[in-house]
Amino acid sequence: MLPLVLFILLAATLLFWKWQGNHWRRLGLVAPFGWPLVGNMLDFALGRRSYGEIYQEIYTRNPGLKYVGFYRLFNEPAILVRDQELLRQILVGRNFADCADNAVYVDHQRDVLASHNPFIANGDRWRVLRADLVPLFTPSRVRQTLPHVARACQLLRDQVPLGRFEAKDLATRYTLQVVASAIFGLDAHCLGSHKRMVPASRWLEWLAPLFQPSVWSLLETMSLLHSPRLGRLIGHRYVPLPLQHWFRELVEARSGGDNLLQWLAESKRGLGTEELAGHATTLLLEGYETSAMLLAFALYELALNEDAQRRLHIELDEVAQRHAGNLIDPVALGELRYSEAALLEALRLHPAMQALQKRCTKSFTLPDQKPGASSALKVPLGTVLVLPVQAIHLDPALYPAPNQFRPERFLIQPPVGCRFLGFGAGPRMCPGMRLGLLQTKAALATLLQDHCVLLADEDQCRVEVSPLTFLTASRKGIWLRFKRRTRRY
Ligand code: HEM
């Protein structure tokens, strides 16, 4: 019996390999060799390497090609785009309409609130949902959120940890405090007003673990990026049920005030409670985790790079001098150009999303895979196009010495084109970028105005990225410590 089973398995494997090899070869494309069932994602499926690292390997191993065919999980043929001009056409240019949908799977029946998220919605629904949110992020609207940010910064200043601390934990407490206040006008009690951490609040208890690495998060990432069937099998919900109930309660119990939800309700009077709860969910979930990760990685890179930190301190002192010591002021924050460059550089090195994934909704033709190859490709309907953000950010042809933290890159040249995709690009680009940068810059200034940040242990290794999550996370935390400094103004 056993030999027969082994024989069947072997035959199935060979058939898979033959089919795989044929698929892209038939279309005249170069594609790396893949495994049955897991395609080129074996290490990702085993939780050994992040999906961003795998895409980076495919990107790096194929110099000279504009795009590469490869196999995603479950042997799904997909295309990884390398060429800058092609990326521009897909994200911003003439092919945007052919692949405007994000390739993420969420069950809209089970995940009702998540389905209001423009990141998840597609087609006309995406357009409507995005149009509701964009007016909340104009420069003047974002400036109006500053009192919420300032209150959270005050709490943060009062409780800078004295010993070693985990930077992502501190950053999440801060961003949750900001978003709860800015969206609902509520105090999330994530930061105490005294020099000690407060006991866990409901916000922390329910939201902080949501994006943490675990075996479960690997399964969730697989179902989100690759398979609706797997999602149904494991009962995955992008927004867990208790959170959905709680968000609806919060929206029903809201009582006016100067906050994002109130502005939204006033400007779009036709929105019902369910739509408002959907938008509140989007603002909350998109609003805290990516910013917290960025703040934690920026602190980490500054701890590693003394020169950059010195330059940042000089800027904080100079700007503080011009503003009577108050950095949490709209003009002062606007003058913190090096601090902003440090954040962009941290996001280049540690993008929140290691790749953007779009789905072809209208077949279109890609140019030759390489010059003179005469291998133009008609992209089949439904094909996933992977835009490998991490690989692009670490490409030495686009960023000399790509692994070094050099905020100056973004001082000399602001992020242009598709070389920097930390917030995406084009019509789907992150609408909350200004708020994300505002809250992280304010926190960075608050923490570093009176402190230097150092690695917790001198012999500490570089932070490792977890292979188990959809949004970038560190494997074992980011451990740092502060040392007091004297301001020079
Ligand atoms: C530093 C912080 C942030 C980073 C790094 C970040 C990054 C991103 C990225 C990479 C995308 C995908 C873009 C694409 O598909 O092309 C995105 C989409 C989105 N972000 Fe952000 N984001 C941040 C903060 C925020 C904040 C604070 C909000 C709102 C409160 C927000 C709301 C959204 C929404 C609604 C989308 C979906 C847009 C669409 O598909 O039309 N983000 N973000």
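**Ligand and cavities in a predicted model**

In this predicted model, a polar side-chain atom of Arg130 lies 2.7 Å from an oxygen atom of the ligand.

Student: Why is the pair between Arg130 and the ligand called a polar contact?

Tutor: A polar contact is a pair of N or O atoms within 3.5 Å, and the polar side-chain atom of Arg130 lies 2.7 Å from an oxygen atom of the ligand, so the pair meets the cut-off. The limit also admits Lys358, with a polar side-chain atom 3.2 Å from a ligand oxygen, and Arg428, where the distance is 3.0 Å.

Student: What makes a residue count as part of the ligand's surroundings, and how many residues surround the ligand?

Tutor: A heavy atom of the residue must lie within 4 Å of the ligand; 25 residues surround the ligand, with Trp126, Arg130, Lys358, Arg428 and Cys430 being the closest. Helix H14 (273-304) supplies the largest share of this shell, seven residues, and by class the shell holds 12 nonpolar, nine polar and four charged residues.

Student: Which cavity does the ligand occupy, and why is that space called a cavity?

Tutor: The ligand takes up the space of the largest cavity, whose volume is about 850 Å³. The term cavity applies because a 1.4 Å probe fits there but cannot get out, with the protein atoms alone considered. Its lining comprises 46 residues, and among those nearest its centre are Glu286, Thr290 and Cys430.

Student: What makes the lining of the second largest cavity nonpolar or charged?

Tutor: Nine of its lining residues are nonpolar, two are polar and none is charged; Phe119, Leu225 and Met353 are among the residues that line this cavity, and Phe, Leu and Met count as nonpolar.

Key: Residues numbered from 1 in each chain as written. Predicted model: local features only at pLDDT ≥ 70, side-chain atom pairs only at ≥ 80, totals over all residues. Heavy atoms only, no water. Polar contact = N/O pair within 3.5 Å; in protein donor to acceptor, adjacent residues only side chain to side chain. 1 Å grid on protein atoms, 1.4 Å probe; cavity = no way out; pocket = protein on both sides within 12 Å on 5 of 7 lines; lining within 4 Å. Sits in = over half its atoms within 2 Å of the grid points. Helix = DSSP H or I, 4+ residues; strand = E, 2+ residues; numbered from the N terminus. Points joined across faces, edges and corners; volume = space filled by probe spheres on them.
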